[in-house]
Amino acid sequence: MKLVWTSLALAGMLTATVAAQAQQAPAGTMEKIQSAGKIVLGVRESSAPMAYAIGAERKYAGYHVELCEKVMARIAPKVKLEYMALTAQNTMPLVENGTVDMGCGPTTNNLTRQKQVSFAVTTYVSQVRMAVRADSGITSFKQLDNKNIAASAGTTAVQLLRKYGKDNNVNLPTALGKDHYESFLMLESGRADAFVLDDNLLAGVIASSKNPDGYKIVGEVLGSEPIALLFRKDDPTFKKAVDGALTELMKSGEVAKVYDKWFMQPIPPTNKPLNLPMSDMLKQLLQAPNDKPLEAYAN
């Protein structure tokens, strides 16, 4: 009889332990934001036209910010939107640990990052190139041998530059800015001969500079990169909701309209257009959405 009671006691203890673990398990993102009544959107301060702060009131806007807002209007319309400024360096850890519920900056989807977070279907495909002074005569990365190059810390452009230098036997000394404005300042002040970044972000920084006509985007394409919204890993319910909303927006033509607004029409603060037409690759992705990582793209 004593053994029976001991077994029952152990069973009760196990049940209590399982229940306690279930209570401690992190809630899904959808459950979390519904309970809190808000969602924290990770944005950028200087990544025009994808995500950036505008004006003295620091209003966050851009192509990816607007897509995030439209997604939330579909999947959780009553939830308050709260914005948190991120950098390229802290985006992964803050999304991974749940401080940020959805990243709305220009983040590349690759296999390494997929170990930390999940990505939605691709909403932009960038091409990594370089901005130079219009009168520099530079048209190829091979001309940058032993010259000074600027890049932003935490961006994939840094790794692509290293690979290009190794493959082509050229020395590409690279200085890292904390953000895109600081990197561009190196080019603007003459401390760098080129600034390497995604073409769309280069266009945004140039458009908001003091002399937009003084710079141009040139050089070989170092890589084509799928850019996507991101959120906590291992949350299939939230991913399904976000992907479903984005797919509906793509099929309805709404994503194309948002793209035209931010890439072809005048945008703040200078009210000048970037004039970057949608690429054929992105047009195809809007017709057949997928979340394939960088490694699936042929550069």
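Exposed, in this tour, refers to a residue with over 50% relative accessible area, and buried to one under 20%. The model on screen is a predicted one, and the stops below start with a helix, continue to a loop and end with aromatic rings.

**Helix α9**

Select residues 236-252, the 17 residues of helix α9, which span 24 Å from the first C-alpha to the last, close to the 24 Å expected at 1.5 Å a residue. Now colour Phe238, Lys239, Val242, Asp243, Ala245, Leu246, Leu249 and Met250, which are the buried residues of α9. If you look down the helix axis, these buried residues fall within an arc of 160°, so they line one face of α9. Turn to the other side of α9, where Pro236, Thr237, Lys240 and Lys251 are exposed, that is, over the 50% cut-off. Before leaving, step to Gly253, which follows α9 and has a positive phi, near 90°.

**Thr122 and its surroundings**

Next select Thr122, which sits in the loop between β7 (117-119) and β8 (124-133). Its relative accessible area is 0%, so Thr122 counts as buried. Show the residues that Thr122 touches, leaving out those up to four places away in sequence: Pro226, Ile227, Ala228, Met250, Leu285, Asn290, Asp291, Lys292 and Tyr297. Met250 will be familiar from the previous stop, as one of the buried residues of α9. You may also draw a C-alpha to C-alpha distance from Thr122 to Leu229, which gives 7.7 Å in space for two residues that are 107 apart in sequence.

**Aromatic pairs**

How many aromatic pairs does the structure hold? There are 11, and two of them are worth displaying here. Begin with Tyr63 and Phe263, an edge-to-face pair with 5.4 Å centre to centre and 75° between the planes. Tyr63 belongs to helix α3 (residues 63-75) and Phe263 to helix α10 (residues 254-263), so this pair ties together parts that lie 200 residues apart in sequence. Tyr63 and Phe263 are both buried. Add Tyr124 and Tyr259 to the selection, and you have the four members of one aromatic cluster, with Tyr63 and Phe263 as the others.

For the last stop, select Phe184 and Tyr215, whose ring centres are 4.9 Å apart and whose planes meet at 65°, so that this pair, too, is edge-to-face. Phe184 is in helix α7 (residues 180-188) and Tyr215 in strand β12 (residues 215-227), and the pair thus links distant parts of the chain, 31 residues apart. Phe184 and Tyr215 are both buried.

Note on methods:
Residues are numbered from 1 along each chain as its sequence is written. This is a predicted model: local features need pLDDT of at least 70, side-chain atom pairs count only at pLDDT 80 or more; totals for chains, interfaces and linings use all residues. Side-chain values use heavy atoms; hydrogens and water are left out. Rings of Phe, Tyr and Trp (its six-membered ring) pair if their centres lie within 6.5 Å; planes under 30 degrees apart count as stacked, over 60 as edge-to-face and the rest as tilted. Helices (H or I, at least four residues) and strands (E, at least two) are DSSP runs, numbered from the N terminus. Buried means under 20% relative accessible area, exposed over 50%, partly exposed in between (1.4 Å probe, protein chains only). Contact means heavy atoms within 4.5 Å. The expected span of a helix is 1.5 Å times one less than its number of residues. The arc is that of the directions from the helix axis to the C-beta atoms.
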